[in-house]
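Here is a colleague's note, set out as numbered points, to be read alongside the sequence and the structure.

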Number of protein chains: 2
Amino acid sequence: MELRLLGYAVAIAEAGSISGAARRLHLTQPTLSRQLSEMERQLGIKLFVREGRGLTPTQAGQVLVRRAATVLAEAEAALKDVQLAAQGMTGRLTVTFAGSGSTDRSVAR
Amino acid sequence: MELRLLGYAVAIAEAGSISGAARRLHLTQPTLSRQLSEMERQLGIKLFVREGRGLTPTQAGQVLVRRAATVLAEAEAALKDVQLAAQGMTGRLTVTFAGSGSTDRSVAR
DNA sequence: GTGCTTTACGGTATTCGTAACAATC
DNA sequence: GATTGTTACGAATACCGTAAAGCAC
């Protein structure tokens, strides 16, 4: 299960329909429909109930959407953190160059 | 950034080498090497320093590995939770059949 | 030489879009 | 009839393995 699919599920739940979510995700309806089917097939679980116009999440779908939102947020935060760490290394290096005379200048770049 | 790539990074860090991680992941060394390069290219950040035999994570790499392990664990737990929710629905139904006559048997699992 | 990494190349699988069909309001 | 969901088909992309070459010990 990849983050991409989790994002799809969250978008569908928030939009209340596949077509609405597809617009938000810049995808086409058939593509998103197929991805959702594939996801349900992988899990062996029905995540949404098709009812007339849109869809509503099943109980399992609700659990997945809630947990998925957390996971996605953490993944995003993690990547941002990594970017900061990478920039932080540069910053530390600059400081080192400007420093006086400390013996150890290694930064483990 | 997909969970698969995060798992690759964690495995490489834990094994201390691409070949070791590849064995654990049931992949070939070239494949894993390429995936790591692709990951570093996507982020625009060097995650591991190649030094002779194996590799060691940079500071940014350490941050990513630590955070990635958390994300992966949560994603796995989330999926397990979804499975439980799906089974729980069935279970709840069974209890309902066997139960006496309470109006609300919901458990919000 | 042994062990590790990288690059190049080809095959397979996945993902996506377009087109056509079915169903609901 | 307009909107939504699904199925079928083809194209583009991504992933993986094998083969070959470059480095470090």
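1. Is B:Arg41 buried or exposed? The model is a predicted one, and in it B:Arg41 has a relative accessible area of 57%, which is over the 50% cut-off, so the residue counts as exposed. Its side chain forms a salt bridge with B:Glu38, where the closest N and O atoms are 2.9 Å apart. Both B:Glu38 and B:Arg41 belong to helix 3 of chain B, where they sit three residues apart, or about one turn of the helix. B:Glu38, for its part, counts as partly exposed, because its relative accessibility is 26%.

2. Helix 3 of chain B also takes part in a second salt bridge, in which B:Arg50 pairs with B:Glu40 and the closest N and O atoms are 3.2 Å apart. B:Arg50 lies in strand 1 (residues 48-50) of chain B while B:Glu40 lies in helix 3 of chain B, so this pair ties together parts that are 10 residues apart in sequence. The surroundings of the two partners can be stated separately: B:Glu40 is buried, with a relative accessible area of 11%, whereas B:Arg50 is partly exposed at 40% relative accessibility.

3. In chain A, the side chains of A:Arg24 and A:Glu14 meet in a salt bridge, with a distance of 2.7 Å from N to O. Since A:Arg24 lies in helix 2 of chain A and A:Glu14 in helix 1 of chain A, the pair ties together parts that are 10 residues apart in sequence. A:Arg24 counts as partly exposed, with 46% relative accessibility, and A:Glu14 counts as exposed, with 55%. Over all chains the count comes to eight salt bridges. As a general point for a first reading, side chains of opposite charge can pair when their charged atoms come close.

4. Helix 2 of chain B, which covers residues 18-25, deserves a careful look from end to end. At its N-terminal end B:Ser17 acts as a cap, with a side-chain oxygen lying 3.0 Å from the backbone nitrogen of B:Gly20. Within the helix, B:Ile18, B:Gly20, B:Ala21 and B:Ala22 are buried, and the buried residues of this helix pack against helix 1 (3-15), helix 3 (29-43) and strand 2 (55-57) of chain B.

5. Just after helix 2 of chain B comes B:His26, which takes a positive phi of about 60°. Its place is in the loop between helix 2 and helix 3 of chain B, and it counts as exposed at 72% relative accessibility. In chain A, A:His26 has a phi near 60°, which is a positive value in a residue other than glycine. A:His26 is placed in the loop between helix 2 and helix 3 of chain A, and it counts as exposed at 73% relative accessibility. These values merit a comment because most residues other than glycine have a negative phi.

6. The largest nonpolar core has 58 residues, and those with the most contacts inside it are A:Ile12, A:Met39, A:Leu64, B:Ile12, B:Met39, B:Leu47 and B:Leu64. The elements that give two or more residues to this core are helix 1, helix 2, helix 3 and helix 4 of chain A, together with helix 1, helix 2, helix 3 and helix 4 of chain B. To see one member in its setting, take A:Ile12: apart from its neighbours within four places in sequence, it is in contact with A:Ser17, A:Ile18, A:Ala21, A:Leu32, A:Leu36, A:Phe48 and A:Leu55.

7. The last point concerns the two chains together. In the interface, 28 residues of chain B are in contact with 27 residues of chain A, and the chains bury about 2,600 Å² between them, 66% of it on carbon and sulfur atoms. On the chain B side, B:Gln59, B:Arg67 and B:Val82 lose the most area to chain A, together 22% of what that side buries. Two salt bridges are counted between the chains, and A:Asp81 forms a salt bridge with B:Arg67 in which the closest N and O atoms are 3.0 Å apart. Eight residue pairs are in polar contact between chain B and chain A, counting those with both residues at pLDDT 80 or more. Helix 4 of chain B supplies the largest share of the side that touches chain A, 19 residues, and by class that side has 18 nonpolar, three polar and seven charged residues.

Technical notes: Residues are numbered from 1 along each chain as its sequence is written. Chains are lettered from A and ligands numbered from 1 in the order in which they are written. This is a predicted model: local features need pLDDT of at least 70, side-chain atom pairs count only at pLDDT 80 or more; totals for chains, interfaces and linings use all residues. Side-chain values use heavy atoms; hydrogens and water are left out. Buried means under 20% relative accessible area, exposed over 50%, partly exposed in between (1.4 Å probe, protein chains only). Helices (H or I, at least four residues) and strands (E, at least two) are DSSP runs, numbered from the N terminus. Contact means heavy atoms within 4.5 Å. A polar contact is a pair of N or O atoms within 3.5 Å; within protein, one must be able to donate a hydrogen and the other to accept it, and residues adjacent in sequence count only if both atoms are side-chain atoms. A nonpolar core is a set of buried Ala, Val, Leu, Ile, Met, Phe, Trp, Tyr and Cys residues joined through side-chain atoms within 4.5 Å. Buried area is the accessible area (1.4 Å probe) that two parts lose on being put together, summed over both. A salt bridge is a side-chain nitrogen of Lys or Arg within 4 Å of a carboxyl oxygen of Asp or Glu. Ala, Val, Leu, Ile, Met, Phe, Trp, Tyr, Cys and Pro count as nonpolar, Asp, Glu, Lys and Arg as charged, and the others, Gly among them, as polar.
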